[in-house]
Amino acid sequence: MSQITADIGGGAGHGGDNHGHAPIRIDPALVTLQAGAGQMVSNVLLLAGVVGMVFTIVGGFSVGARHALMSYLVGATVSLGFALGSLGYVMIFQQVNAGWIVTCRRQFETAATLIPFCALLFLPVLVFPGRIYEWMSPEHTSGDVLAVHKAPYLNTTFWFVRFFVFFGLWTIFAFKLYGWSRQQDVTGDKWLTARARRMSSYGLLIFALTSAFASFDWLMGLDYHWFSTMFGVWFFTGNILSATCLCVLALGFLRLRGKLAGLVTEEHFHDLGKLVLVFTVFWAYISFCQYFLIWYSNIPEETAWFNVRKTHGWENFTWILAFGHFLAPFLVLLWKGTKRSTRGLMLVATWMILMHIVDVFFVVRPATYPGRMGLEFWWLDLCGIIGPIGVFLGVLVRQMGKAPLIPMKDPRLPEALHHRNYM
């Protein structure tokens, strides 16, 4: 079988001698997907997503537009989190010059390029924001001192401007970094890596600010009286964790299909498992600190948010998240064998994505009928969540086969191929 030669960092005109490494020959069958590969999986996901969206629309007319939109917002937020967390990872890996992750990085890059598609998924929110955010309705804010005080930021025009600025900046970063990575596949120009690292230096700052303020606009703004200084970090943590788990699932399915043999090994899965463990613990730390500080200060504008989630059955979600999002995966991931097992880590990753959905649901859904209703019309919630997530994953599966499954000529590829864990 023919081989692909990845001439790492060397070659005339690119100022390198390959750092003492011989050209790396990679079987093309290991890093490419045949035309139509994964189409059945993609079609099933897309069908599930479309059916979910159709029933969400039906529920909007039969149950209520606000309920349908709030359920849909959960799914759209989780979908965006996959792409946004992947973008954050790509910039972090480039900025710290991480070599071990190179053979896994293409999956993050691919997911990040779906950020503009996520903007389309947010279209219902963009078209009917007044049905979701009460501060946009004068009848809810008339005579409200806090609404008047926050009006310079919480006003409809500025909200729309921020929406397009956020998605515009994220799209630029995602496609620049992906474009340079794909260009390097062809040219082997090591200076493209330096360019990506330079962009990531200031890109991470912009990413941190925009993602934090996006969480304020689209999630914390559901109750414009409430505020939390830790909410942006919570949003970042959930996105990063879900993106890690999505990458684990993508790499796991590829390995089970016979791809990436010798390129993504149990050593890489071990480190990805460490990242899942780290951000599971960090999520628990942030979530507890947010609750503890609000409980301790006992400010009515802050405690009201938690009081709503302590009634009508919502308090059960606190225990579900405490055990399902932290304690259970923490204990399972402490075992080295789980992190080095492809199927084992895939099971944990699937579970953590489900818990992330529950976490976002716990933030969004109780604001639909504050103080009046619990988990009624659960079928509408399920459809609203499945719709955008199913469509997102279906499109992602199709995108995976449009480029080599690894960055073919990244100068750090030898480091990734010889990666070993010592802890």
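Let's start with Arg106. Buried or exposed? Buried, because its relative accessibility is 1%, and the cut-off for buried is under 20%. Keep in mind that this is a predicted model.

Where does Arg106 sit? In helix α4, residues 102-112. Which side chain does Arg106 pair with? Glu109, through a polar contact of 2.8 Å between the two side chains. Now the contacts of Arg106 beyond four places in sequence. One set is Tyr178, Ser181, Arg182 and Asp185. Another is a run further along: Ala403, Pro404, Leu405, Ile406 and Pro407.

Next, Phe361. This one is in helix α16. Phe361 has a relative accessible area of 6%, so Phe361 is buried too. What does Phe361 touch, once residues up to four places away are set aside? Val74, Trp314, Phe317, Pro366, Leu375, Asp381 and Ile385. Take Ile385 from that list. Ile385 is 24 residues from Phe361 along the chain. Their C-alpha atoms are 8.9 Å apart.

Stay with α16, and bring in its partner α12. On to helix pairs, then. Two packed helices are described by the angle between their axes and the distance between the axes. Helix α12 covers residues 266-297, and helix α16 covers residues 342-364. Their axes come within 11 Å. The crossing angle is roughly 25 degrees. Angles under 35 degrees count as roughly parallel, and α12 and α16 are therefore roughly parallel to each other. The crossing is left-handed.

Which residues meet there? From α12, Phe269, Gly273, Val276, Thr280 and Trp283. From α16, Thr342, Leu345, Met352 and Asp359. By class, the contact of α12 with α16 has five nonpolar residues, three polar and one charged.

Last pair: α2 and α17. Helix α2 is residues 39-62, and helix α17 is residues 378-400. How far apart are the axes? They are 6 Å apart, and the packing angle is about 150 degrees. That angle makes α2 roughly antiparallel to α17, because the cut-off for roughly antiparallel is over 145 degrees. This crossing, α2 with α17, is left-handed. What is the contact made of, by class? There are 16 nonpolar residues, twelve polar and one charged.

To recap. Arg106 in α4 and Phe361 in α16 are our two residues. Arg106 counts as buried, and Phe361 is buried. On the helix side, α12 and α16 are roughly parallel, whereas α2 is roughly antiparallel to α17.

Notes: Residues are numbered from 1 along each chain as its sequence is written. This is a predicted model: local features need pLDDT of at least 70, side-chain atom pairs count only at pLDDT 80 or more; totals for chains, interfaces and linings use all residues. Side-chain values use heavy atoms; hydrogens and water are left out. Axes are lines fitted to C-alpha atoms, for helices over the stretch in contact, and angles run from 0 to 180 degrees between N-to-C directions. Helices (H or I, at least four residues) and strands (E, at least two) are DSSP runs, numbered from the N terminus. Angles under 35 degrees count as roughly parallel, over 145 as roughly antiparallel, 65 to 115 as roughly perpendicular and the rest as oblique. A crossing is left-handed if the near helix is turned anticlockwise from the far one by less than a right angle, and right-handed if clockwise. Ala, Val, Leu, Ile, Met, Phe, Trp, Tyr, Cys and Pro count as nonpolar, Asp, Glu, Lys and Arg as charged, and the others, Gly among them, as polar. Buried means under 20% relative accessible area, exposed over 50%, partly exposed in between (1.4 Å probe, protein chains only). A polar contact is a pair of N or O atoms within 3.5 Å; within protein, one must be able to donate a hydrogen and the other to accept it, and residues adjacent in sequence count only if both atoms are side-chain atoms. Contact means heavy atoms within 4.5 Å.
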